[in-house]
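Please look through the model shown below before reading on. The paragraphs that follow begin at a boundary between domains and then turn to the strands.

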Amino acid sequence: MFPRSLLLLFLLAAPAAAQPQPIDPAALTLDRLFASDDFRGDPVPSMKWLDGGAYTILQPSKAHKGASDIARVDAAGKAEVLVAAEKLIPPGAKEPLAVHGYDLSKDLDLVLIFTNSVKVWRQNTRGDYWTFRRSTGKLAKLGGDAKPSTLMFAKMSPDGTRVGYVRDNNIYAEPAAGGAATPLTADGTEQVINGTFDWVYEEEFYCRDGWRWSPDGKSVAYWQLDTRGVKAFTMIDNTTAVYPVLKTFAYPKTGERNSACRVGVAPAAGGPTKWLDVPGDTRTDFYIPRMEWAGNATELVVQRVNRLQNAVDVLLADARTGQVRALLTERDGAWVDVHDDAGEWVEKGAAFTWVSERDGWRHLYLASRDGKSVRKVTSGEFDVIRVLHIDEKAGSVYFLASPENPTQHYLYKCALDGTGAPVRGTPADQPGWHDYDLAPGGALAVHTYSTFGKPPRVELISLPDHKVVRVFAANDKLRETVAKLKQTPPEFFRADVGGGVKLDGWLMKPANFDPAKKYPVLFHVYGEPAGQLVTDRWGGRQHLWHLMLTQQGYAVACVDNRGTPCPRGRDWRKSVYRKIGVTASADQAAAVRDLLKQRPYLDGARVGVWGWSGGGSMTLNQMFRHPDLYRTGMSVAPVPDMRLYDTIYQERYMGLPQDNAEDYKQGSPITHAAGLKGNLLIVHGTGDDNVHYQGTEKLADKLIELNKPFAMMAYPNRSHSINEGKNTSRHLYGLLTKYLNDNLPAGPKP
């Protein structure tokens with residue numbers, strides 16, 4: 001039986017026979033958002049920095065429509081085509097290779113082309129690789145008789161004579177001009193993974209490329225993961241074929257066994273691997289999330305993290321013997337974050353950079369190679385959000401921070417020796433959100449700047465004067481289109497939730513706002529340690545959807561509770577340890593009550609909530625724990641039971657379920673399902689490999705048992721992002737809009 005509400009939605013979505021109506025530039029519609037180019041921004045070139053302030057870009061070929069040239073652009077803006085598209089036409093082909101990625105040797109003679117790429121979980125990391133030698137004009141395909149789209153993470157050797165890559169979970173080295181490949185590993189199978197990672201390392205530690213050339217090119221270091229013994233999860237594809245297609249992969253849920261993980265070094269000419277003697281059992285007690293060469297060709301630096309993720313040991317390993325020694329240890333009563341900001345060697349290899357919260361704030365340190373000292377570089381009651389550039393010659397470091405306002409990002413610079421106060425580099429007359437990609441010398445940077453409700457501007461600037469050199473994407477047309485939309489200026493606020501705690505939030509008032517009337521309010525939530533929502537920056541299509549709701553007569557608000565990764569200090573972020581789902585839901589509800597008290601024009605009888613992923617879980621918690629406050633909730637891709645999520649993420653914040661069964665129970669929304677009183681819509685993709693559809697089915701089963709009415713929508717074979725397939729995003733947001741309209745009436749009341 002087809003649900004009547006969904007049938008009506010489909011009928012409403014059917015094309016009309018009448019003549020199209022002229023578009024009102026002030027009004028937003030779902031079709032404008034999801035089926036038009038009205039809000040398409042200017043293209044931003046994907047740049048690769050070269051020495052001396054020059055960079056390379058892909059630019060449209062004039063000779064071959066749809067193809068790309070690789071061009072070098074100098075600091076003054078003069079462009080030179082390095083590789084014309086017509087040079088990339090394989091023998092027997094009519095069209096050039098589609099360039100999905102590329103790398104160049106230091107002398108710019110050898111070019112490594114990535115093409116024909118396919119997605120592996122989140123990103124297109126498998127494909128075909130070709131080399132092109134500019135001096136000879138020779139184009140060569142790598143991989144021999146490999147099937148199409150089976151090579152991964154190809155990299156040139158430091159001298160440019162060979163290319164290494166991963167194929168079928170083994171690592172190979174091949175002459176740059178093509179030819180017989182040398183296998184560096186031979187034991188790779190579906191379960192034994194060399195040079196890349198299993199599902200959970202990729203998702204939660206952001207590990208994908210799992211091998212490294214040594215600086216002298218004589219060896220490679222690599223990870224090996226063995227998933228044998230890890231329990232598998234199976235997803236069912238009911239739409240591809242007549243019979244269901246099963247997709248099974250190793251997925252360690254909380255408390256279960258992880259993959260065995262080790263790091264080895266193999267000769268680039270072939271030969272046995274020397275495994276590093278990293279102590280501990282990685283199946284049950286430890287992880288190895290980071291590994292790099294330690295500034296030379298004989299040593300590696302490895303980070304070992306314990307299962308609870310509250311202890312990190314930085315180990316220096318001898319690549320020839322496999323022996324390791326500890327350089328640095330980091331401990332925390334909650335958890336320690338694994339940073340990519342760490343591990344840059346300075347002082348001629350005598351020290352390396354390290355990021356720590358050991359004094360209560362996230363700061364940059366220099367740790368000595370002998371393990372005897374750790375020196376602070378940045379100081380003060382603020383967080384270093386991200387380290388951008390170390391300039392040893394100038395004795396300085398650039399980083400992002402926002403000491404006064406955690407909803408914003410700014411560029412700062414300080415002395416590398418730790419003396420003096422940090423100096424802000426972002427102009428004082430540009431409040432908002434700034435990001436930077438600095439050139440190797442630090443004299444130039446790509447600067448991206450936006451504010452809430454205003455599209456970004458992307459430009460090339462000089463440093464330290466922050467002067468604009470060139471504009472890459474002004475987005476003037478998009479800004480003009482957005483400015484014409486009917487809207488009320490947004491407002492940032494702080495909600496008092498008691499105990500001296502104030503939470504940051506933003507509020508979008510209805511377009512035809514009248515403070516003498518009352519309006520329904522929809523809260524957008526996330527609340528997990530993995531993301532911050534209250535930011536003073538452009539929010540893209542989701543912001544525009546919220547703006548569309550304000551045009552319908554809704555207020556839309558958002559609050560970041562304690563535990564979100566805001567730059568408000570270690571205690572702010574880690575106060576939720578073993579209280580995920582508990583502290584956050586209490587904070588969110590207290591913030592709603594405070595906002596209703598502050599703003600009498602918000603209708604306390606019409607409060608809604610919606611969120612995705614962790615925000616979907618938060619939506620469930622609010623609907624179940626605070627049923628007298630929230631009347632309507634829309635939960636997309638939630639985790640109803642934390643025991644069903646993966647080891648690395650959930651155990652980081654909750655500990656082991658064997659030790660903390662009650663914490664897991666109290667933090668999981670499904671435990672509190674009996675509290676549901678309002679209108680609840682649950683949405684999930686059945687092909688979600690991250691947050692499994694299993695959890696939503698278990699919740700549905702519980703709500704049925706409790707005789708609780710609810711609505712549910714399953715998107716066949718869609719992943720966690722629910723955006724695959726034609727019209728999916730339009731359909732999803734149409735579903736959410738209609739459910740909100742039907743269950744939380746829009747518009748003012750006297």
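**From a domain interface to the strands**

Across the interface of domain 2 and domain 3, 23 residue pairs are found in polar contact, with both residues of each pair at pLDDT 80 or more; that confidence condition matters here, since the model is a predicted one. On the side of domain 2 that touches domain 3, helix H3 (199-205) and strand E16 (232-237) each supply at least two residues, and H3 gives the most, with six residues. Sorted by class, this side of domain 2 has 15 nonpolar, eight polar and eight charged residues.

Charged pairs also span this boundary, where the rule finds three salt bridges between domain 2 and domain 3. In the salt bridge that arginine 307 forms with glutamate 651, the closest N and O atoms are 2.6 Å apart.

To place this interface in the chain, one can turn to the domain assignment of the protein, which gives domain 1 as 42-183, domain 2 as 184-338 and domain 3 as 486-743. The contact between domain 2 and domain 3 draws 31 residues from domain 2 and 32 residues from domain 3, while the C-alpha centres of these two domains lie 34 Å apart. About 2,600 Å² is buried between domain 2 and domain 3, and carbon and sulfur atoms give 54% of that area. Within domain 2, the residues that lose the most area to domain 3 are Glu204, Thr254 and Trp335, which together account for 29% of what that side buries.

The strands offer a second view of the model. An open sheet is formed by four strands in the order E24-E25-E26-E27, with antiparallel pairing. Its edges are strand E24 (345-346) and strand E27 (374-376), each of which pairs on one side only. Strand E25 (residues 351-356) and strand E26 (residues 363-368) run antiparallel and are joined by six bridges, and among the paired residues serine 356 has histidine 363 of E26 as its bridge partner. In general, strands of a sheet pair through backbone hydrogen bonds, in either a parallel or an antiparallel manner.

Another antiparallel pair consists of strand E32 (residues 433-438) and strand E33 (residues 444-451), which six bridges join. Here aspartate 435 stands opposite threonine 448 in E33. The hairpin of E32 and E33 has five residues between the strands, and in this hairpin glycine 442 takes a positive phi near 80°.

Key. Residues numbered from 1 in each chain as written. Predicted model: local features only at pLDDT ≥ 70, side-chain atom pairs only at ≥ 80, totals over all residues. Heavy atoms only, no water. Pairing = 2+ DSSP bridges. Domains from an automatic or database assignment. Contact = heavy atoms within 4.5 Å. Buried area = accessible area lost by both parts, 1.4 Å probe. Salt bridge = Lys/Arg side-chain N within 4 Å of Asp/Glu carboxyl O. Polar contact = N/O pair within 3.5 Å; in protein donor to acceptor, adjacent residues only side chain to side chain. Nonpolar A, V, L, I, M, F, W, Y, C, P; charged D, E, K, R; others polar.
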